[in-house]
Amino acid sequence: MSSRAPIRVAVTGAAGNIGYAAIFRLASGAVFGPDQPVALNLIEVGPGLDALAGVRMELEDAAFPLLADVVTTGDLDEGFRGADWCLLIGAVPRKAGMERKDLLGINGKIFVGQGQAIARSAKPTVRVLVVGNPCNTNALIALRAGGLGEDRVFAMTRLDENRAKAMLAAKAGVHVSAVRNVGIWGNHSATQFPDFANATVGGKPATQAIADHAWLRETFIPAVQQRGAAVIKARGASSAASAANAALDTLRSLHFPTPAGDWHSVAVLSDGSYGIAKGVIFGFPVRTKADGSWEIVQGLTLDAFAREKVAITEKELLEERATASEALGLAL
Ligand code: LMR
């Protein structure tokens with residue numbers, strides 16, 4: 001094994017569908033590279049702990065050369081101890097007919113305890129990615145409840161980015177790898193704004209590669225917004241493998257510098273960029289710098305249509321923040 005110190009990743013909901021799809025790829029080196037050992041702190045609750053014992057056996061049976069250590073636990077402090085990354089997946093998932101914000105009261109409390117335990121037990125340099133929905137506001141709850149660093153807590157909009165790229169590629173008749181610069185603005189919800197106007201296809205503006213602008217505005221946007229619901233309807237369960245994949249894409253994109261001219265989508269604490277309200281966890285196009293820090297991509301054009309869409313998702317996030325603050329008795 002490489003002599004590098006392992007990157008310790010704590011995962012909640014580790015035996016659930018998304019966790020199960022994520023941890024084997026983490027252990028294989030698919031995220032941090034073939035020379036970087038990984039340690040896994042796997043956290044579950046209640047009956048999930050029995051399943052987790054089986055997952056642990058399977059990790060042993062995979063004999064991963066890069067896997068330096070595995071902790072399995074139901075205790076948050078033990079689980080987050082020494083973590084470089086916390087991947088917060090565990091949450092009550094959305095069922096058919098529910099919007100993500102219906103989960104706010106149910107899941108909000110979980111993220112208060114997790115934010116506090118991360119502050120107590122993880123490394124001071126820890127980074128946190130929230131996947132459990134409603135992920136933007138859950139991330140804000142964890143950040144504020146734990147007093148975590150404002151540049152260290154993220155919520156996942158990468159699944160939406162990947163979905164948007166696949167749909168733009170199919171429409172333009174190109175491979176998905178030709179589609180770049182897709183920003184997801186705002187909430188990981190049905191109000192998100194998948195920004196086609198700044199996207200590129202084969203290096204050209206997507207609006208040139210795709211002549212059907214009515215499709216971009218009227219079909220593409222709702223299709224991305226509703227894709228999670230479409231998967232739930234078809235599968236009878238919310239997306240899992242694609243969500244795990246997007247979570248790992250997010251970790252990789254925040255760990256390694258972003259290729260020149262591109263960006264990736266992730267929700268971060270708004271600093272007021274583009275006139276968006278400060279203090280909500282808002283999806284932006286983000287670039288990771290060579291020193292490992294990140295920045296919101298500046299200078300993009302948002303036309304009147306885009307501004308209108310961004311205002312809708314901003315309003316929803318402000319409402320979620322108010323609802324959660326009241327429900328939890330916390331100043332978010
Ligand atoms: C998704 O986008 O597939 C997940 O966030 C699940 C959901 O509730 O839509």
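**Ligand surroundings and helix packing**

A polar side-chain atom of H188 sits 2.6 Å from an oxygen atom of the ligand. The model here is a predicted one, and the ligand is a handy place to start reading it. There are 10 residues around the ligand, and H188 is among those that come nearest, together with R94, N133, R163 and S239. Two more of these show up with their own short distances. For S239, an N or O atom of the side chain is 2.5 Å from an oxygen atom of the ligand. For N133, the matching distance between a side-chain N or O atom and a ligand oxygen is 2.7 Å.

N133 is worth a second look for its backbone. The peptide bond that runs from N133 to P134 is cis, with omega near -5 degrees. P134 itself belongs to the loop between β5 (127-130) and α5 (135-146). Another backbone oddity turns up at A63, which is not a glycine and yet has a positive phi of about 45 degrees. A63 is also a loop residue, placed between α2 (48-62) and β3 (67-73). As a bit of background, most peptide bonds are trans, and most residues other than glycine have a negative phi.

Now for the helices. Packed pairs of helices are described by the angle between their axes and the distance between those axes. Take α5, the helix on the far side of the P134 loop. α5 packs with α4 at an angle of about 40 degrees, and the two axes are 7 Å apart. The pair is therefore oblique, and α4 passes α5 in a right-handed crossing. On the α4 side, the contact uses L104, N107, G108, F111, V112, G115, Q116 and A119, which meet T137, N138, I141, A142, A145 and G146 of α5. By class, that contact splits into seven nonpolar and seven polar residues, with no charged ones.

α4 (residues 104-121) has another partner in α11 (residues 304-328), and here the angle is about 70 degrees with the axes 10 Å apart. That angle makes α4 roughly perpendicular to α11. The crossing of α4 past α11 is right-handed. L104, G108, K109 and V112 are the α4 residues involved, and they meet E320, T323, A324 and L328 in α11. Charged residues do appear in this contact: it has two of them, along with four nonpolar and two polar residues. L104, G108 and V112 of α4 thus turn up in the contact with α11 and again in the one with α5.

The last pair is α6 (residues 158-172) with α10 (residues 241-255), whose axes come within 8 Å and cross at roughly 105 degrees. These two helices are therefore roughly perpendicular to each other. α6 brings R158, L159 and N162 to the contact, while α10 brings S242, A243, N245, A246, D249, T250 and S253. Sorted by class, the residues of this contact come out as five polar, three nonpolar and two charged.

Note on methods:
Residues are numbered from 1 along each chain as its sequence is written. This is a predicted model: local features need pLDDT of at least 70, side-chain atom pairs count only at pLDDT 80 or more; totals for chains, interfaces and linings use all residues. Side-chain values use heavy atoms; hydrogens and water are left out. Axes are lines fitted to C-alpha atoms, for helices over the stretch in contact, and angles run from 0 to 180 degrees between N-to-C directions. Helices (H or I, at least four residues) and strands (E, at least two) are DSSP runs, numbered from the N terminus. Angles under 35 degrees count as roughly parallel, over 145 as roughly antiparallel, 65 to 115 as roughly perpendicular and the rest as oblique. A crossing is left-handed if the near helix is turned anticlockwise from the far one by less than a right angle, and right-handed if clockwise. Contact means heavy atoms within 4.5 Å. Ala, Val, Leu, Ile, Met, Phe, Trp, Tyr, Cys and Pro count as nonpolar, Asp, Glu, Lys and Arg as charged, and the others, Gly among them, as polar. A residue is near a molecule or strand if one of its heavy atoms lies within 4 Å of it. A polar contact is a pair of N or O atoms within 3.5 Å; within protein, one must be able to donate a hydrogen and the other to accept it, and residues adjacent in sequence count only if both atoms are side-chain atoms.
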